[in-house]
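Please open the model in a viewer and keep the sequence panel visible. The tour below proceeds by selection, one stop at a time.

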Amino acid sequence: GRMMATCQWCSIAGDDELERGRQIIAEVAQEHVVSVAALVGPSRRATIVAARACAIWRMRKEENLALKQIGLLLGNRDHSTILHHLTARRLRHEDS
């Protein structure tokens with residue numbers, strides 16, 4: 001059978017959509033020139049927050065990941081935090 005992962009990052013793996021979510025995080029980190037560690041970490045620096053919001057938006061739009069899944073992928077964030085990012089963005093972008 002599959003080995004049990006000890007890392008919380010790995011333990012939620014398995015699903016293709018989560019794999020895609022991780023890929024999106026890696027791509028966004030590269031595009032925004034920040035590290036994946038910073039993206040999933042606690043930093044509130046504007047550049048990190050912007051990159052994180054971008055990753056959240058893409059995971060939701062492209063993969064339709066559940067808020068809980070997005071939260072898990074982004075360092076175990078609460079789903080309400082993710083929702084806040086999405087609604088804030090929607091208000092700024094008016095239907096983009």
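**Stop 1: Glu 27 and its partner**

Select Glu 27 to begin: this residue is partly exposed, with a relative accessible area of 28%. On this scale, buried means under 20% relative accessible area, exposed means over 50%, and partly exposed lies in between (1.4 Å probe, protein chains only). The model is a predicted one, in which local features need pLDDT of at least 70 and side-chain atom pairs count only at pLDDT 80 or more, while totals for chains, interfaces and linings use all residues. Residues are numbered from 1 along each chain as its sequence is written, and side-chain values use heavy atoms, with hydrogens and water left out.

Which residue forms a salt bridge with Glu 27? Add Arg 58 to the selection: the closest N and O atoms of this pair are 2.7 Å apart. A salt bridge here is a side-chain nitrogen of Lys or Arg within 4 Å of a carboxyl oxygen of Asp or Glu. Glu 27 belongs to helix α2 (residues 16–31) and Arg 58 to helix α4 (residues 46–63), so the salt bridge ties together parts that are 31 residues apart in sequence. Helices (H or I, at least four residues) are DSSP runs, numbered from the N terminus.

**Stop 2: Around Arg 58**

Centre the view on Arg 58. Is this residue buried or exposed? Arg 58 is buried, at a relative accessible area of 16%.

Next, select Glu 31, whose side chain meets that of Arg 58 in a salt bridge (3.7 Å, N to O). This pair also links distant parts of the chain, since Arg 58 is in helix α4 and Glu 31 in helix α2, 27 residues apart. Glu 31 is exposed, with a relative accessible area of 53%.

Then select Glu 62, which forms a salt bridge with Arg 58 in which the closest N and O atoms are 2.8 Å apart. Arg 58 and Glu 62 are four residues apart in helix α4, and are therefore separated by about one helical turn. Glu 62 counts as partly exposed, at 43% relative accessibility.

To view the wider network of salt bridges, select Arg 20, Glu 27, Glu 31, Arg 58, Glu 62 and Glu 63 together. The structure holds seven salt bridges. In general, side chains of opposite charge can pair when their charged atoms come close.

**Stop 3: The length and faces of α2**

Select the whole of α2, a helix of 16 residues. From its first C-alpha to its last, α2 reaches 22 Å, close to the 22 Å expected at 1.5 Å a residue; the expected span is 1.5 Å times one less than the number of residues.

Colour the buried residues of α2, which are Leu 18, Gly 21, Arg 22, Ile 24, Ile 25, Val 28 and Ala 29. Seen down the helix axis, these residues fall within an arc of 155°, so they line one face of α2. The arc is that of the directions from the helix axis to the C-beta atoms. On the face turned away from the buried side, look for the exposed residues Asp 16, Gln 30 and Glu 31.

**Stop 4: Where α2 passes α4**

Show α2 and α4 together: their axes come within 9 Å and cross at roughly 145°. Axes are lines fitted to C-alpha atoms, for helices over the stretch in contact, and angles run from 0 to 180 degrees between N-to-C directions. Residues of α2 that meet α4 include Gly 21, Ile 24 and Val 28, and their counterparts in α4 include Ala 51, Cys 54 and Met 59. Contact means heavy atoms within 4.5 Å.

**Stop 5: Two loop residues**

Follow the chain just past α2 to Val 33, which takes a positive phi of about 50°. Val 33 lies in the loop between α2 and α3 (36–40) and is exposed, with a relative accessible area of 71%.

Now select Asn 76, which has a positive phi of about 65° although it is not a glycine. Asn 76 is placed in the loop between α5 and α6 (79–93) and counts as partly exposed, at 48% relative accessibility.

**Stop 6: Two buried side chains**

Select Gln 69 in helix α5 (residues 67–73). Gln 69 counts as buried, at 17% relative accessibility, and touches Asp 15, Glu 17 and Leu 18, not counting residues up to four places away in sequence.

Finish at His 85 in helix α6, which counts as buried at 14% relative accessibility. Leaving aside neighbours within four places in sequence, His 85 is in contact with Val 49, Ala 53 and Ile 56.
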